[in-house]
Amino acid sequence: TWTWSGWIKRCKLGFGAGGNQVLFEGRDGSGFVEKLQFTQDDLLEYDWDIAGTDYTVNTVAKYRDQSSWYHIMWVKDTTQSTEANRIKLYVNGEQVSLSESQLGYPGQDSDGIINNNMAHYIGGNAGSEYFDGLMSHVHFCDGTALAPTVFGETDSTTGEWKIKSSPSFTPGT
């Protein structure tokens, strides 16, 4: 179980150097990769590649606004019995529906690469899939599925989702 949160502003759409633009990745060195990314089609995607077998969920919506910051928050909790609750995505405080591709959601109680004793990368990976944009207030929480209100809140005057610059949470080990 983990939570990844970041405020993201895209500078370039579409292809990164390797096809996708990786926001966060864990890699074990033997072909097992788990990552959060923008795809070449500007979708947000969770992908866990186990030697060519992929568990993948992504958005239907495309994220192409280069003038605004997005608050993107991924939550993985494979202890959940309901498949669709194992990977959740929030954009600007709102939960976003995910579509399954490949094998879809990871199995119950499965343990991935992210949050294990492996190499982790922010804004890219060990290959050539780098994020082309800006990142701010990137946080990772080990062992807890947090709510988006930990990292942001709705402005009472404008109704816009805004950053909490000093979120209060325990990052875990």
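Begin by selecting strand 3, residues 32-38, in this predicted model; the strand is mostly covered, with six of its seven residues buried. Keep it highlighted, since the next stops lie on either side of it in the sequence.

Next, add strand 2, residues 21-27, to the selection, and you will find that it pairs with strand 3 in the antiparallel sense over six bridges. To see how the two strands line up, show the side chains of F24 and L36, because F24 stands opposite L36 in strand 3. Then follow the chain through the hairpin that links strand 2 and strand 3, where four residues lie between the strands and G29 takes a positive phi near 90°.

Now move to strand 4, residues 44-50, which runs antiparallel to strand 3 and is joined to it by seven bridges. Two pairs of residues are worth labelling here: F32 stands opposite I50 in strand 4, and Q37 has E45 in strand 4 as its bridge partner. The hairpin of strand 3 and strand 4 has five residues between the strands, and if you select D42 within this hairpin you arrive at a residue with a positive phi near 70°. Strand 4 is itself mostly covered, with five of its seven residues buried.

While these strands are displayed with their side chains, it helps to remember a general point: in a regular strand the side chains alternate between the two faces of the sheet.

Continue along the chain to strand 5, residues 53-58, which pairs with strand 4 in the antiparallel sense over six bridges. Label D47 and T56 at this stop, as D47 stands opposite T56 in strand 5. The hairpin formed by strand 4 and strand 5 has two residues between them, and A51, in the turn, has a positive phi of about 50°.

Leave this group of strands and select N116, which sits in the loop between strand 9 (99-102) and strand 10 (119-122). Is N116 buried, exposed or partly exposed? Its relative accessibility is 28%, so N116 counts as partly exposed. With N116 still selected, add T157 and draw a distance between the two C-alpha atoms: the residues are 41 apart along the chain, and their C-alpha atoms are separated by 42 Å.

Finally, zoom out and colour the protein by secondary structure, which shows zero helices and 13 strands. The radius of gyration is 15 Å, close to the 16 Å that the globule rule gives for 173 residues, so the protein is as compact as a globular protein of that length. Along the principal axes, the C-alpha trace spans about 50 × 35 × 30 Å.

With a surface switched on, you are looking at an accessible area of about 8,100 Å², of which 45% belongs to carbon and sulfur atoms. Buried residues make up 45% of the 173 residues in the protein. If you display contacts between residues at least 6 apart in sequence, 61% of them join residues that are at least 24 apart. As a last selection, colour the charged residues, and note that the mean positions of the 12 positive and 22 negative charges are 5 Å apart.

Terms used:
Residues are numbered from 1 along each chain as its sequence is written. This is a predicted model: local features need pLDDT of at least 70, side-chain atom pairs count only at pLDDT 80 or more; totals for chains, interfaces and linings use all residues. Side-chain values use heavy atoms; hydrogens and water are left out. The radius of gyration is taken over C-alpha atoms; the globule rule is 2.2 Å times the number of residues to the power 0.38. Buried means under 20% relative accessible area, exposed over 50%, partly exposed in between (1.4 Å probe, protein chains only). Contact means heavy atoms within 4.5 Å. Accessible areas come from the Shrake-Rupley method with a 1.4 Å probe; for residues, only the protein chains shown count as cover. Lys and Arg count as positive and Asp and Glu as negative; His and the chain ends are not counted. The place of a charge is taken as NZ of Lys, CZ of Arg, CG of Asp or CD of Glu. Two strands pair if DSSP finds at least two bridges between them.
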